[in-house]
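This report describes how selected side chains and strands are arranged in one protein chain. The sequence and the structure are shown first, and the description comes after them.

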Amino acid sequence: QVQLQESGPGLVKPSQTLSLTCTVSGASITADVYYWAWLRRPPGKELEWIVYIAYTGSTYYNPSLKGRTSISRGTSKNQFTLQLSPVIPEDAGVYLCARKVCPQPKGLKWYWYWGQGTQVTVSS
């Protein structure tokens with residue numbers, strides 16, 4: 001059974017760094033041929049893809065967020081971490097990690113496993 005679990009702060013101030021970690025069980029983020037992604041859903045907006053890291057370690061970023069986004073992985077803990085800096089108020093929303101079955105194609109149908117999501121509030 002593949003499971004993903006997000007963790008991180010629920011509140012972050014503008015200009016700070018947001019760090020969210022996804023812990024994966026039931027699959028290896030390095031050995032299994034999948035793509036480990038972060039997405040978000042701002043209030044009243046559609047789901048937005050942020051970034052993913054492939055099992056090879058290659059990273060792919062949404063160009064609109066690339067300048068503020070980074071992703072890394074902790075292979076020993078089977079985790080991957082999103083960092084967004086500096087945070088702006090428009091970054092508020094529900095952040096989700098997910099496993100994508102193929103690289104690059106758009107669409108939610110390519111994400112077959114999801115975390116439950118974590119709410120991020122941006123407030124000073």
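What follows goes through the aromatic side chains, the cysteines and the strand pairing in turn.

The model is predicted, and the description below should be read with that in mind.

**Aromatic side chains**

A pair of aromatic rings is described by the distance of the centres and the angle of the planes. A search of the whole structure finds eight aromatic pairs, including the two set out in the table.

| Aromatic pair | Centre to centre | Angle between the planes | Arrangement |
|---|---|---|---|
| Tyr35 and Tyr52 | 5.7 Å | 80° | edge-to-face |
| Trp38 and Phe80 | 6.0 Å | 65° | edge-to-face |

The pair of Tyr35 and Tyr52 links distant parts of the chain, with Tyr35 in strand E4 (residues 35–41) and Tyr52 in strand E5 (residues 48–54), 17 residues apart. Tyr35 has a relative accessibility of 11% and therefore counts as buried, and Tyr52 is buried as well, with a relative accessible area of 1%.

The pair of Trp38 and Phe80 also links distant parts of the chain, since Trp38 lies in strand E4 and Phe80 in strand E8 (residues 79–84), 42 residues apart. Trp38 is buried, with a relative accessible area of 0%, and for Phe80, which is buried too, the relative accessible area is 0%.

Tyr35 and Tyr52 also belong to one aromatic cluster, in which they are joined by Trp49, Tyr55 and Tyr60. A further contact to a ring involves a charge: the charged end of Arg99 sits over the ring of Tyr34, at 3.6 Å from the centre of that ring.

**Cysteines**

How many disulfides does a search of the whole structure find? The search finds one disulfide, and this bond joins Cys22 to Cys97, with a distance from S to S of 2.1 Å. The torsion about the S-S bond of Cys22 and Cys97 is about 65°, and the disulfide is therefore right-handed. The bond links distant parts of the chain, because Cys22 is in strand E3 (residues 18–25) and Cys97 is in strand E9 (residues 93–100), 75 residues apart. Cys22 counts as buried at 0% relative accessibility, and Cys97 counts as buried at 0% relative accessibility.

Why is Cys102 not bonded to Cys97? The closest cysteine sulfur to that of Cys102 is the one in Cys97, but the two are 18 Å apart, which is too far for a bond. Cys102 is nevertheless buried, with a relative accessible area of 17%.

**Strand E11 and its partners**

Along strand E11 (residues 118–122) the side chains alternate between two faces. Thr118, Val120 and Val122 point to one face and are buried, whereas Gln119 and Thr121 point to the other and are not buried.

Strand E11 pairs with strand E2 (residues 11–12) in the parallel sense, over two bridges, and within this pairing Thr121 of E11 is the bridge partner of Leu11. Strand E11 is also joined to E9 by three bridges, and these two strands run antiparallel. Gly93 stands opposite Val120 in E11, and Val120 is one of the buried side chains of that strand. Strand E9 thus appears twice in this account, as the strand that holds Cys97 of the disulfide and as an antiparallel partner of E11.

Key
Residues are numbered from 1 along each chain as its sequence is written. This is a predicted model: local features need pLDDT of at least 70, side-chain atom pairs count only at pLDDT 80 or more; totals for chains, interfaces and linings use all residues. Side-chain values use heavy atoms; hydrogens and water are left out. Rings of Phe, Tyr and Trp (its six-membered ring) pair if their centres lie within 6.5 Å; planes under 30 degrees apart count as stacked, over 60 as edge-to-face and the rest as tilted. Helices (H or I, at least four residues) and strands (E, at least two) are DSSP runs, numbered from the N terminus. Buried means under 20% relative accessible area, exposed over 50%, partly exposed in between (1.4 Å probe, protein chains only). A charge sits over a ring if NZ of Lys or CZ of Arg is within 6 Å of the ring centre and within 35 degrees of the ring normal. A disulfide is a pair of cysteine sulfur atoms within 2.5 Å. Two strands pair if DSSP finds at least two bridges between them.
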